[in-house]
Amino acid sequence: MIWHIAKKDFLLNLISARFIVGTVLCLLIIPFTILINLDDYGTRLDEYHIKTVEAKNQLEQTRVYSGLRPVIIRPPNPLSLFSNGIDGNVGTRVKVDFGNIPALPEGKASQRDNPFLNSFMSIDFIGIISILISLLALIFSYDVFTREREDGTMKLSLSKGISRPAFMSGKILGIILTLMPILLLCYLLSIIIILVSGHTSFAPDQWVNLVFLFVFSILYMLVFILAGAFISSMVKQSSTSIIISLLCWIWFVFLTPALAKNFAESLITIEKQDNINYSLIEINREFWDNLHNEVSPRIEKELGMYDRDRSYWHASGGQDGFFETSGTARDVMEYERRMKAETEPIRIDDADKKWIIVKNRLDDLYRQKRLQKNLLMLSPTGMFEMIASSLCQNDEKALDEFMEDVREYRETLIRHFETNEWFSDLRYITAQPEDEIASTNEEKNRIAATGQVPDSWSNQNNPVLDLEGVPMFSHASTRLLPVLLHQSLLFIILLLVICSVLTILIAWSFNKYDVR
Amino acid sequence: MLQAIDLSKRYEDGVLALDALNIEIKEGEIFCLLGANGAGKTTTINLFLDFIQPSNGQVLINGIDASKKPLEAKKHVSYVSENVMLYGNFTARQNIDYFARLGGKTNLTKEDYYMHMREVGLQEIAFEKKLKTFSKGMRQKVGLTIAMIKDAPNILLDEPTSGLDPKAASELMQILQQLKEQGKSILMCTHDIFRAKSIADKVGIMKEGRLVMVRNRKEFLDDDLEKIYMDYMQEMVSAG
Ligand SMILES: Nc1ncnc2c1ncn2[C@@H]1O[C@H](COP(=O)(O)OP(=O)(O)OP(=O)(O)O)[C@@H](O)[C@H]1O
Ligand SMILES: [Mg+2]
């Protein structure tokens with residue numbers, strides 16, 4: 001019985017203008033969206049390759065331990081072709097710096113906006129699906145009951161002795177049957193375009209995620225079908241129904257997500273990045289003060305080189321603790337070695353201090369995000385996009401997981417330095433073979449005067465570090481499907497609850513529907 | 001068998017559309033319900049089909065209370081509405097097929113449908129044409145086919161001849177006559193006294209929700225039905 005009604009509606013819908021328009025719309029918009037995203041993904045992938053090679057070369061050319069500060073590039077995720085998530089809001093480059101614990105990748109992130117908050121204006125597959133499918137669902141469901149009433153066919157149908165719940169189920173099933181091919185088409189089309197483009201392919205677990213994404217799209221579609229059907233069961237006229245449906249659509253698809261973002265931003269204030277920077281600079285200043293006023297004079301005194309000029313042959317350095325010298329006399333090198341041995345641990349301690357400040361702000365960003373997520377429970381669209389970006393692994397959790405791994409790697413690297421006593425190793429500051437180092441400044445000057453300076457007096461002529469045994473960064477998402485589903489569980493349950501409640505409401509409301 | 005026992009209907013807005021109506025239509029009997037616009041004819045039919053709930057009294061179809069066990073009761077009744085509305089984008093055959101299945105007839109073939117459509121006199125070329133191209137009379141015939149295919153022992157018709165040309169109307173009457181001979185109970189609401197006279201076993205005149213007169217065939221053939229009808233209407237006008 002239900003099946004006959006569903007089949008009838010499916011057949012009628014297939015030849016309806018709205019079905020054709022809907023399909024054509026999907027056929028136009030989806031490839032367009034996917035092509036834009038493919039292009040963007042290609043750019044990001046190229047950028048990733050270039051930056052990775054750059055980082056690798058840089059690492060391999062490192063000659064001293066103080067220069068061993070790997071740069072990590074976050075690879076683009078193929079699933080971001082479906083949902084951009086927050087990937088577009090954050091950069092991809094993280095430098096493993098001993099003086100700072102990295103909070104977010106550098107790059108795009110503007111310092112004013114919270115990069116975790118989805119803007120909902122992004123043109124990605126999921127964004128388009130959430131708009132198109134909800135619209136199509138409403139356009140097919142707003143008149144499920146009113147149309148049959150207006151056409152007078154409902155009386156005849158119900159006179160046949162079919163129960164109202166059965167009639168209602170058949171009608172709703174009919175819409176589902178109609179929209180499923182469109183939804184499936186959208187997915188197949190985009191997957192085919194992606195695979196044909198050859199830019200990327202999906203790993204088996206990503207295929208599984210895609211399947212789940214499809215399943216949740218059905219759930220999302222169902223919410224709007226049921227919502228439209230409910231509206232249809234509450235009014236007599238299709239014209240009333242479409243107006244209410246469209247208003248609901250605008251409210252849930254556009255306004256609620258936008259309001260969720262605005263509310264989250266205004267209810268939780270985030271410390272200005274400038275203020276944070278000020279505090280960080282303060283800690284840095286103390287570090288340098290201590291280094292210049294306390295540590296340096298003490299070591300000079302201990303080495304008996306107080307008020308004597310330290311002269312360097314070839315030296316380069318940086319704010320991050322990097323220092324490399326060659327050709328410089330052994331006692332000056334000793335001074336530098338001891339400086340590093342004493343100050344690098346302080347630098348690492350300072351990083352922990354700075355982290356407290358930075359993390360405070362980071363936590364606030366996450367709090368804002370959580371508030372936004374909670375507010376998004378008011379909109380099926382918001383929930384669907386949250387589930388999608390979680391499944392596509394480019395939500396704030398995925399980023400956090402990556403950054404956690406980077407921070408852990410930094411700890412590992414520091415421990416490696418400590419256990420090998422690299423901070424107090426001469427190699428920390430010079431790659432010059434020890435037997436070619438002039439023992440005193442006088443000797444250095446004497447050799448220099450001959451004009452026969454050894455090659456090893458120049459930094460770039462010295463051997464690079466053997467990286468064997470140095471821990472390398474690796475990141476693999478530990479968030480497999482069960483975890484991802486668990487994280488979106490609340491949203492999934494909520495969507496299911498909404499569906500059930502709507503079904504009950506429709507059944508209740510249609511049961512007393514005046515068929516005349 | 002169709003029965004209305006002390007049947008009353010008061011609409012939400014307070015209009016008393018039916019006031020203690022009593023009708024009984026036996027097997028093989030055609031009951032024509034006459035009455036001015038707003039007399040309560042359609043209301044009566046809607047009560048039999050459980051489209052609305054009675055305020056008082058009972059509607060029984062083959063003894064089954066239509067408002068208590070509507071699904072059970074509706075198995076035994078076919079319905080042709082005043083203005084047969086079907087799915088315009090389906091052909092006549094598709095429409096008939098759909099409603100036949102809804103009525104539980106799932107084993108019929110195309111040939112069966114064609115046969116029934118021929119029976120009601122629908123032109124052969126219309127069988128596979130979309131309903132939206134049909135005239136009112138053609139739709140009415142398809143509606144009748146749908147009612148006949150259900151093959152229920154009771155038939156409710158709401159002004160089935162309105163909009164039909166005389167030939168179609170008289171064909172319809174012939175079909176109803178056949179159905180009656182098959183032992184169906186038929187309730188036909190109509191304004192068409194002429195047709196009612198030609199076919200009815202009983203005629204009832206409704207006024208303001210009350211059945212003010214019932215005559216069996218012998219009685220109304222002796223009297224001048226039209227005059228009786230007019231007299232009753234006249235009263236209403238003078239009373240109103
Ligand atoms: N939904 C409704 N709400 C309130 N009153 C109604 C409703 N439907 C019908 N009525 C009233 O009930 C009375 C009977 O109406 P009904 O439709 O049964 O008349 P009818 O005999 O079928 O008339 P017609 O010959 O015009 O078809 C009328 O007074 C009408 O105004
Ligand atoms: Mg009427």
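**Exercise 1.** In this predicted model, state which residues line the second largest cavity and how they divide by class.

*Solution.* Step 1: list the lining. The second largest cavity is bordered by Lys373(A), Met386(A), Ser389(A), Ser390(A), Asp395(A), Lys397(A), Gln487(A), Ser488(A) and Phe491(A).

Step 2: assign the lining to elements. Helix H11 (residues 380-391) of chain A contributes the most, with three residues.

Step 3: sort by class. Two of the lining residues are nonpolar, four are polar and three are charged.

Step 4: add the volume, which is about 50 Å³ for this second largest cavity.

**Exercise 2.** Describe the largest cavity by its volume, lining and classes.

*Solution.* Step 1: count the cavities. There are two of 30 Å³ or more in the structure, and the volume of the largest is about 70 Å³.

Step 2: name the residues around the largest cavity. They are Val80(B), Val120(B), Gln140(B), Lys141(B), Leu144(B), Pro160(B), Leu164(B), Ala168(B), Leu172(B) and Ile175(B).

Step 3: place them on elements. At least two lining residues come from each of helix H5 (136-150) and helix H6 (166-181) of chain B.

Step 4: sort by class. The lining of the largest cavity has eight nonpolar residues, one polar and one charged.

**Exercise 3.** Find which element gives the largest share of the lining of the largest pocket, and which residues are closest to the centre of that pocket.

*Solution.* Step 1: the largest pocket holds about 940 Å³ of space. Its lining has 35 residues, and Ala103(A), Leu104(A), Gln273(A), Leu280(A) and Val358(A) are the closest to its centre.

Step 2: strand S2 (93-95), helix H9 (273-302) and helix H10 (330-376) of chain A are the elements that give two or more residues to this lining.

Step 3: H10(A) provides the largest share, eight residues.

Step 4: by class, the lining of the largest pocket comprises 16 nonpolar, nine polar and 10 charged residues.

**Exercise 4.** Carry out the same analysis for the second largest pocket.

*Solution.* Step 1: the volume of the second largest pocket is about 760 Å³.

Step 2: of its 32 lining residues, Tyr48(A), Ile73(A), Pro75(A), Phe473(A) and His475(A) lie nearest the centre.

Step 3: helix H2 (17-60), strand S1 (71-73), helix H7 (204-234) and helix H12 (396-419) of chain A each give at least two residues to the lining. H2(A) has the largest share, with six residues.

Step 4: the classes of this lining are 19 nonpolar, six polar and seven charged.

**Exercise 5.** Characterise the interface between chain A and chain B by buried area, contacts and contributing elements.

*Solution.* Step 1: 23 residues of chain A meet 25 residues of chain B in contact. The two chains bury about 2,400 Å² between them, with 66% of it on carbon and sulfur atoms.

Step 2: 27% of the area that chain A buries against chain B is supplied by Leu156(A), Lys160(A) and Arg516(A), more than by any other three residues.

Step 3: on the side of chain A that touches chain B, helix H1 (2-14), helix H4 (146-151) and helix H5 (153-159) of chain A are the elements giving two or more residues. H5(A) gives the most, six residues.

Step 4: this side of chain A has nine nonpolar, seven polar and seven charged residues.

Step 5: between chain A and chain B, the count of salt bridges is zero, while six residue pairs are in polar contact, both residues at pLDDT 80 or more.

How values were computed
Residues numbered from 1 in each chain as written. Chains lettered and ligands numbered in written order. Predicted model: local features only at pLDDT ≥ 70, side-chain atom pairs only at ≥ 80, totals over all residues. Heavy atoms only, no water. Contact = heavy atoms within 4.5 Å. Buried area = accessible area lost by both parts, 1.4 Å probe. Salt bridge = Lys/Arg side-chain N within 4 Å of Asp/Glu carboxyl O. Polar contact = N/O pair within 3.5 Å; in protein donor to acceptor, adjacent residues only side chain to side chain. Helix = DSSP H or I, 4+ residues; strand = E, 2+ residues; numbered from the N terminus. Nonpolar A, V, L, I, M, F, W, Y, C, P; charged D, E, K, R; others polar. 1 Å grid on protein atoms, 1.4 Å probe; cavity = no way out; pocket = protein on both sides within 12 Å on 5 of 7 lines; lining within 4 Å. Points joined across faces, edges and corners; volume = space filled by probe spheres on them.
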